[in-house]
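Hi there,

Here is the structure I promised to pass along. Have a look at it first, and then read my notes below.

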Amino acid sequence: MEGRLIVFGLLLVGYCSCSEVQEHTAPAINERDSVSMMTSYGVNTLISDSGVIKYKIVTERWDVNTVRKPSRWTFEKGIFLEQFDEKFHVEGYINADTAWYYDQQKLWELRGRVHIRNVNGLIFDSEELFWDGIKHEFYSNKFSKVVTPERTMQGTRFRSDEHMMHYEVTNSVGSFQSEDIEGNNNEQASTGQQTDSVPPAPMRPAATRKKASPKPPF
């Protein structure tokens, strides 16, 4: 009888010890939608659109995530992007500190030190730029600076076609060649448009006429 009690006591202690064991499960390190489907390092590749090579991408890191809403490519380490025409001639290039490409919307979001230069010598600088591949246009709601061989424009709103051939800068001031101002104070050239206040042309002093002496009455 005493032996049975000892065995029963040992079983009871063992049961209590087991019941006090708790599992410590750590939460997931990353949520499912934050995990990239593909991560590439040291990328230097060509991108085609409708069977035609359109871009060259150079970046330190390229993440592709098709699970997040919306799906996107992420370039957290910066990006260098070259754009080609149909004959594979370079039309311009883009630099940015960080970039996202939303593949379903065909929309680029560029942040940081955004810098563009095209074959016509136009230079664009801003901290933000969007590139809509469906509407084929660039736009920015941040302070932007546009420099061409003829003029310099600065403003808080920018919109352009994707070739940077026709553009407008609003809420801005700018400097122009004197012949542009004298020819048309409402500057609107074929390559650009200044839609806000343009410094007026300097007024020229009126030519002074020598007053003729009155003729004598005889």
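In which strand is E128 found? E128 sits in strand 8, which spans residues 123–132. Please keep in mind that this is a predicted model.

I started with E128 because it is a buried acid, with a relative accessible area of 7%. Its side chain makes a polar contact with the side chain of R111 at 2.9 Å. Leaving aside residues up to four places away in sequence, E128 touches L110, R111, G112, V114, S140, N141 and K142.

The pair E128 and R111 is also a salt bridge, with the closest N and O atoms 2.9 Å apart. R111 lies in strand 7 (residues 107–118) and E128 in strand 8, so this pair ties together parts that are 17 residues apart in sequence. R111 has another partner too: a salt bridge with E109, where the closest N and O atoms are 2.9 Å apart. Together, E109, R111 and E128 are linked in a network of salt bridges. What is the burial state of E109, buried or exposed? E109 is buried, at a relative accessible area of 13%, whereas R111 counts as partly exposed, at 26% relative accessibility.

The count of salt bridges comes to five. One of the others you may like to look at joins the side chains of R61 and D63, at 2.8 Å from N to O. Here D63 is buried, with a relative accessible area of 5%, while R61 is partly exposed at 26%.

D63 leads on to the strand pairing, as it stands opposite T74 in strand 3. Strand 2 (residues 52–65) and strand 3 pair in the antiparallel sense over three bridges, and they form a hairpin with six residues between them. V64 has W73 of strand 3 as its bridge partner. On the other pairing of strand 3, three bridges join it to strand 6 (residues 98–102), again antiparallel, and there the bridge partner of T74 is W100.

Which faces of strand 3 are covered? Both are: R72 and T74 on one side, and W73 and F75 on the other, are all buried. As a general point, side chains in a regular strand alternate between the two faces of the sheet.

Strand 2 has further pairings. Eleven bridges join strand 1 (residues 38–49) to strand 2, and the two run antiparallel; V43 stands opposite T59 in strand 2. The hairpin formed by strand 1 and strand 2 has two residues between the strands, and S50 in the turn has a positive phi of about 55 degrees. Strand 2 is also joined to strand 4 (residues 79–84) by four bridges, antiparallel as well, with F80 in strand 4 as the bridge partner of V58.

Last, the core. How many residues does the largest nonpolar core have? The number is 29, and the residues with the most contacts inside it are F75, W108, L110, F124, L129, F138 and F158. F75 is thus a link back to strand 3, where it is one of the buried residues. L129 touches, among others, W108, L110, F124, F138 and F158, not counting residues up to four places away in sequence. E109, from the salt-bridge network, is also among the residues that L129 touches.

Happy to hear what you make of it.

Best wishes

Methods: Residues numbered from 1 in each chain as written. Predicted model: local features only at pLDDT ≥ 70, side-chain atom pairs only at ≥ 80, totals over all residues. Heavy atoms only, no water. Buried < 20%, exposed > 50% of the residue type's maximum accessible area, 1.4 Å probe, protein only. Pairing = 2+ DSSP bridges. Core = buried A, V, L, I, M, F, W, Y, C linked by side-chain atoms within 4.5 Å. Contact = heavy atoms within 4.5 Å. Polar contact = N/O pair within 3.5 Å; in protein donor to acceptor, adjacent residues only side chain to side chain. Salt bridge = Lys/Arg side-chain N within 4 Å of Asp/Glu carboxyl O.
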